[in-house]
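Trainee: I have a new structure to learn, and I would like to understand the reasons behind the words used for it. Could we go through some of them together?

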Amino acid sequence: IGKEKFHKSQHWGYCNNVSMLVGEDKPGIGGEPLPGQKLKPKYSVFPEGMGSDAPAWVAFDKQVLSFDAYFEEEVPDKNQELYRIRHCKIYFYLEDDTIQVIEPQVKNSGINQGTIVRRHRIPLPPPHEDQFYTIDHFNINIEVILYARRYKIIDCDQFTKNFLRKMGVRLNPPAGRPDDPYTKERQKILDSMNPLRPYERIDTLKQFLEHDGHVLRFFCVWNDPESMFHDPRELVLHYYLSDDTIDIKEIIPVNSGRDAIPLFLRRDKLPKYAPTGLYQPGTITSRTVLNVFGKLVGNRGRYILDNRKTGAVHQEFYRDSDLKIGAVINVWGRKIILCDCDEFTKEYYRTKYGIEDFTPVPYKAPPPPKTEKTFPPYTGFGSEEDSLCSCMGLLPKPPQKDFKKFMEKDRSGMESNTLRFVAKLVTDSPIDKDRKFIISYFLSDDTISVFEHTQRNTGILGGKFLERGRVKKPGQELFKSEPSEYFKAQNLFVGARVCFHGHNFLLVDADEYTFNYMEKHANEFSVADIGVILKKLKDIAEPRSREIRQEFAASDPEHSKVIEYDPFRNLILSITDGAFSEHEIMTLGRYYSVRDEYETDLQLLLAVAQEQLKKNRFENFEQLSAVLLYNDREKCGVLPHEMCRTICKSFKLPVADDDLQALLTMFEDDHKQVEYKKFVDGLNWRENQIPAFQMIKVPLKNEDDWSRQPPSFPVKGVKYLPLLDDLFGKEE
């Protein structure tokens, strides 16, 4: 019969998409009530159809109703109390209708408190144990029975009240909170008691919490009278604001002969001693006691705390108000002067005490002059740098090379980082006057090498004249302590006179790479800095501006606004009266020059390029053509000049940049667009190989006459009007 009744009252259904047993409140098919079934009305102020269709575990996630409640617990076998009132919290979780009961912890209660009922669904009391508590069973000022224990709900929080009102529940007025009679009686007894031994509490927690980690630091000095040399002892005093304690550390100089101790004074409160001297141990205590009976009762005393502290000795300790710059403090009989403090200490006293004067007390003697380290003179064995390293330490080490400079200025691709100059000997010997030399300066390690140009029937064997290495400047003592000075790149320019190991050279020309490099790095080479040169020329020529304009106009009888380089050079020499070097005049001429537009033979350029590609085994012409075609979005067969150059660079085409630029220019159409298909076909040495060509020998500049005039400069003409405008401004 019991099983049959159970099956009749239970139904299988789905709650939140979970198959579970439901009570007899579940309606039949289509929501119609079953025969004899009474459905509970759903109280709500919202009409049907409003709200979210999300499941309960999503809609009510982390939403909990909180009720204040209490229950009475019987206390058997105890005369002091018959029952006990225990207050608790009832939490109803909306997402799954689970209930949890927690009792707050009460100090010194002696009862196991905390979770009384763990979180789960709680069934109703009999005879409805087949059903579970829902939100409809809760209200204020009602009783609920959870596992035969009766809980009285007296109040709830504001969120719970608002939620129940929205659900259509009419809230009852809150009930009173009853007190536990035994606890109330105990509190009454405790309040009426007057302790015989009152505990004097010294609370330092507030000071610790406010000033933990805050330390005042003073720099002090102690003139030790018992020291052999009466030298001052430097100290550092730390005052800890958290507990008013002080410690002192000594700054021990290097090689002072004193033992290194961790602390000069360990951390503790520092007392101010009276003239009478030290107090005996036990004289100063935190509390005083009184012997009530003395020795009347069996030689045993009865002691109580003395609230008035009769006969107590009060000892004063140093506080932060006693410490200031210039003050003298007594540290266990030692007179210590406070001379200075750090920035935090200054800010602390400025804020708390309004002190603004923090002038330090001078206590340090001026440091002795630092002796300059001298090195013995060079002995002549090995290099100067290697000999100097043997004086730096007991274990000699080889001299360090500037590896960064070597990596930056080493030869890379078409960048040689080598400055080459044409030079001749400065001599009266008719044999040596016609000798020609190539001076190479290597920027990676500041070394110089000299090669002599071979000439027939001179009786002089050409070739290597000076081995590559650093060259010292002349006029320096050989055996000296200071390092020698060597020739730098700034000492070499066209027109300079240099002396290499007794041979005087005059630099008469340089290659194009040298001119370009010096002009690109004009901040390092003043003779190639057009700004410096123009300023220097303006300072010299500005007083004679009208006369100089007339001279330039006289040199241009045809009024072409361009003059030859040689007349331009002579004019600059006459204006500056020899103050300008040949390199500075060349820089001016190059800056304002009219370059020759050479029509280079296309077949010659293609032959040179194919030879380079063939030597480097470059055959990726199909890939190069495919990339160029891919970048041609409009498929018109042409691309911009810079785009073609960038693509060729990405393929690491082994062709000099100048040759590549010239080739691309020759394959341009009328709109300055490169016909890339013809360009690639011209470079393809496999399919379109150009016959071998004869290398054209270019003679040296002014090869026939090196002794009289400087070599001819490859500038067709100089535009003098922009130069005059930059010097004197535009003429009205």
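**Reasons behind the terms**

Mentor: Let us begin with K652, which sits in the loop between α16 (641–650) and α17 (657–666), and keep in mind that this is a predicted model.

Trainee: Why is K652 counted as exposed?

Mentor: The relative accessibility of K652 is 72%, and exposed means over 50%, so K652 counts as exposed.

Trainee: What is said about phi of K652?

Mentor: Phi of K652 is near 55 degrees, which is a positive value in a residue other than glycine. Y147 also has phi near 55 degrees, again positive and again in a residue that is not glycine, and Y147 belongs to the loop between β7 and β8 (149–156).

Trainee: What makes β24 and β27 count as paired strands?

Mentor: Pairing requires at least two bridges between the strands, and β24 and β27 (residues 717–719) have two bridges in the antiparallel sense, so the two strands pair. As for partners, V594 is bridged to G717 in β27.

Trainee: Which strands are called edge strands in the open sheet of three strands, ordered β23-β27-β24 with antiparallel pairing?

Mentor: They are β23 (562–563) and β24 (593–594), each of which pairs on one side only.

Trainee: Which peptide bond is cis, and what is its omega?

Mentor: The peptide bond from P126 to P127 is cis, with omega near 10 degrees, and P127 is found in the loop between β6 (114–120) and β7 (142–146).

Conventions: Residues are numbered from 1 along each chain as its sequence is written. This is a predicted model: local features need pLDDT of at least 70, side-chain atom pairs count only at pLDDT 80 or more; totals for chains, interfaces and linings use all residues. Side-chain values use heavy atoms; hydrogens and water are left out. Helices (H or I, at least four residues) and strands (E, at least two) are DSSP runs, numbered from the N terminus. Buried means under 20% relative accessible area, exposed over 50%, partly exposed in between (1.4 Å probe, protein chains only).
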